[in-house]
Amino acid sequence: MKIRTLIVVTLLLVLALSAMGPARAQDVELRILWYNDGIEGQIMRDMLDRYQEANPGVSVVLDEVAFADIHNILQTAVEGGDAPDIARITQIPRFRDYYLDITPYVADPAYWENSFSPFAQASMRKGPDDTGIYGLLNQFTVSAPYINVTLFEQAGVEPLGEGATWEEWVAAAEEVQSVTGVPYAVAIDRSAHRLAGPMISMGAVFFNEDGSMTIDNEGFRAAVNMLIDWHERGITPPDVWVGSGDQYVAARDYFVNGELVMYMAGSWLINGLVNDIGDTFDWAAVPNPTGPGGSTGMPGGAGMVALAGTDHPEEVGKLMDWLAQPEQMTEWFARTLFLPSHLALVESGVEWTGNDPANPPDPKAVAALDVFTTEIGKLAEEAYRLQYSPLIDAFNINARDRIGQVLAGELTLDEAIARIQEAVDEAFAALQQ
Amino acid sequence: MSTEAKAPPSNILTMARDTFLYELDYLLHPLQKLKGFNRFRYMVILPFLTVYHMAYLLILGLLSIMDLILSPIQRALGTTRMAYFFILPNMLVFGIFVLLPMVLNFYIGFTSGQSIRVENRDWVGTQNLERLMDCENFTDPNTCREDFFWNGVRNTVFFVSIQVASMVILALFTAISLNGKILFRGFFRSVFFYPVLLSPVVVALIWKWMLDAESGIINYFLVQLGFDRVNFLIDRNWARFWVIVVSDWAQMGFYTLILLAGLQSIPASLYEAAEMDGANAVSKFRYVTLPLLVPTMTVVLVLALIRAVQVFDQVFVLTGGGPGTATFYIVQYIYRNGFGITPAQYGLASAASLLLASVLLLLTLGQLWLARRNDTV
């Protein structure tokens, strides 16, 4: 009888302990909806593992999905009441009704306010009176041109530097094209975001005091006329803007294949260019050309946002706060080779280490990263205003497709401007309701 | 032999067993005069019978369980209504994946907003349809509020007219050729049908490579023949032309096969009679082939029309709808508004799909009417 009692008690204890063990280790499970551009998921995982070690009882899971699907998945999840705790997204203003204010859970809200772009913070907020902290912009991008340095050398043309205008750059690129015989002098991705940098540099001011937009301005017309001129003179690949219907198209392949002298894209391409071009030719990022509106590209990037549907707001806030601290930010940008969004790091610069200490980053990539980091400081306020405006999607889609129609000969520039204006007005009116 | 008449089988299983034994005896029939045949027969049959009885018991058990479940249901519903019970699983799948989305689509067509949840969408009545129809001059899409939609309509009408006509004519002449006594007839029948088996995306990618201005094989031959390179997918007219050619190439085999079947159903005696009356090849085609092929042609024409109105995937990969909106069709408009732009315009996309569905419904009703008319003629 005693033995039987002993066995039963022992079994019950074993069962109870085995049930309690994992429960303690996974008291709180945070899920992050995540996509990968490259190897940043692996780096984030390393950092999260360290966070978990320092915070027993919290586990963090990265739910990886394809970038193309992530916004639709998040839309379905938040509307279905099944939102993840955190999500890494690029369309930050789109989901701002669903964000969690983590201000009560961060150690020093003033640190957040002073360390990140006010425009990026504003893009997550519900209005001008909202002072909440909703997410961490941890992948900054800037648009700026790349040039094929080898072609410039072969043509004996000196690449231009800071202060050169678009006209001067295109003239230099055409000279290189004519000497080397490559098919195209200059190209710009089929994207209004890419074209917005030149527009603002050429003097475009889009926003009115009430937050509405006026499309018909000198800078907009000048940039579109420049693009029309490139097409008429056959110095840009027509497939990109004319032959692509209503889709985004990058001119990247022309540059990678050595068929293009100058290519207006952005910092997100650096790793891809290192891998795909290799030692085939030398390339470099160059400062954005100058105009009456300055010398600006367009900001962009991705951020991690906290979602209000979480059951663990405090743990979410603490994790976000930990990720936002200077040590983690420095490691994150140095290893991922993403441009810094942390203002102190923009000022001090980042020592780019890459993810593998045995393989330091390519010198061309490091040089390009330094150029793009400098470009962050030159970004015009209008560029930030446009990028983080709730009207950005209406502008981007409509400007891209209407300009495409102008280049295909279906619309005049005036008709295109009227159509874009109609679309942004409609989006603005919807926001007012 | 155990082939003598037996009591009528009590059910389908005993009927199957008796059939099996009958077949076995028939097989062993040549051996029956041999010595020891009965013992041999027993040895052969025994394992089969064992397996049979095991299977019999298993099936019987399953049937009993089914009976246990279904009998009360049948008693409750009655024999006639049991049919509905049996089609219920299929109807559930159809209801969830076809009917419900159709109903939701219909509802969303009368709402606005960014939410994908119907309860969070605002009812706006016919506003989306009115917006689609808001046009000063329907022949000039630039005067319409939703100019992309009307560009799509205009392009679709153009595409359907030319593509269906050209494809049916090509399919007819291909079918006539393949119906004749030509060398490697089987091979050619396969060759013409082969593109039908390819995914539209694959078809589009193959042709995109072939039409490439720099590295495409078509431009290679043009240059070899002394012509200039043509950037086919940048020029509006060339793009429209190639979209039709590629669609014809990809789909023609299917319709050729249907027409071939129609041609083969025409009795040879009619052609012999026509020859005896002195008809030449053209007269035979005009007065024998064409009239007797009308029912098949009707089916082909309507099927091709329905498919052409839905043109999207192949063209989307080949041209993206460009240059400009030269190859932008109605389905691409629906896709663009539902999934291609941010913020999505689900209401407009649904309203446009309702209009497209109406056109398809009319075409389908037309097909049914023609099919019935042909049956009664």
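A salt bridge here is a side-chain nitrogen of Lys or Arg within 4 Å of a carboxyl oxygen of Asp or Glu. The model is predicted: local features need pLDDT of at least 70, side-chain atom pairs count only at pLDDT 80 or more, and totals for chains, interfaces and linings use all residues. Residues are numbered from 1 along each chain as its sequence is written, chains are lettered from A in the order in which they are written, and side-chain values use heavy atoms, without hydrogens and water.

**Exercise 1. Describe the interface of chain A and chain B.**

Step 1. Count the residues in contact (heavy atoms within 4.5 Å). Chain A gives 29 and chain B gives 36.

Step 2. Take the buried area, the accessible area (1.4 Å probe) that two parts lose on being put together, summed over both. It is about 2,300 Å², with 42% on carbon and sulfur atoms.

Step 3. Apply the salt-bridge rule. It finds 7 across the interface. Asp147(B) and Arg402(A) form a salt bridge through their side chains, at 2.6 Å, N to O.

**Exercise 2. Characterise the second largest pocket.**

Step 1. Fix the term. On a 1 Å grid over the protein atoms alone, a pocket is an open set of points with protein on both sides within 12 Å along at least five of seven lines; lining residues have an atom within 4 Å of a point. The volume is the space filled by probe spheres set on the points, which are joined across faces, edges and corners. Here it is about 960 Å³.

Step 2. Locate the centre. Of 32 lining residues, Asp239(A), Val240(A), Tyr254(A), Lys208(B) and Asp212(B) lie nearest to it.

Step 3. Assign the elements (helices are DSSP runs of H or I, at least four residues). Two or more lining residues come from each of α10 (238–241) and α11 (252–256) of chain A, and α7 (200–211) and α12 (313–318) of chain B. The largest share, 4 residues, belongs to α7(B).

Step 4. Sort by class. Ala, Val, Leu, Ile, Met, Phe, Trp, Tyr, Cys and Pro are nonpolar; Asp, Glu, Lys and Arg are charged; the others, Gly among them, are polar. The lining has 17 nonpolar, 7 polar and 8 charged residues.

**Exercise 3. Examine the two largest cavities.**

Step 1. A cavity holds points where a 1.4 Å probe fits but cannot get out. The structure has 4 of 30 Å³ or more.

Step 2. The largest has about 50 Å³. Its lining includes Ser117(A), Phe140(A) and Tyr384(A). It counts 7 nonpolar, 2 polar and no charged residues.

Step 3. The second largest has about 40 Å³. Among its lining residues are Arg190(A), Asp401(A) and Phe148(B). The classes are 2 nonpolar, 4 polar and 3 charged.
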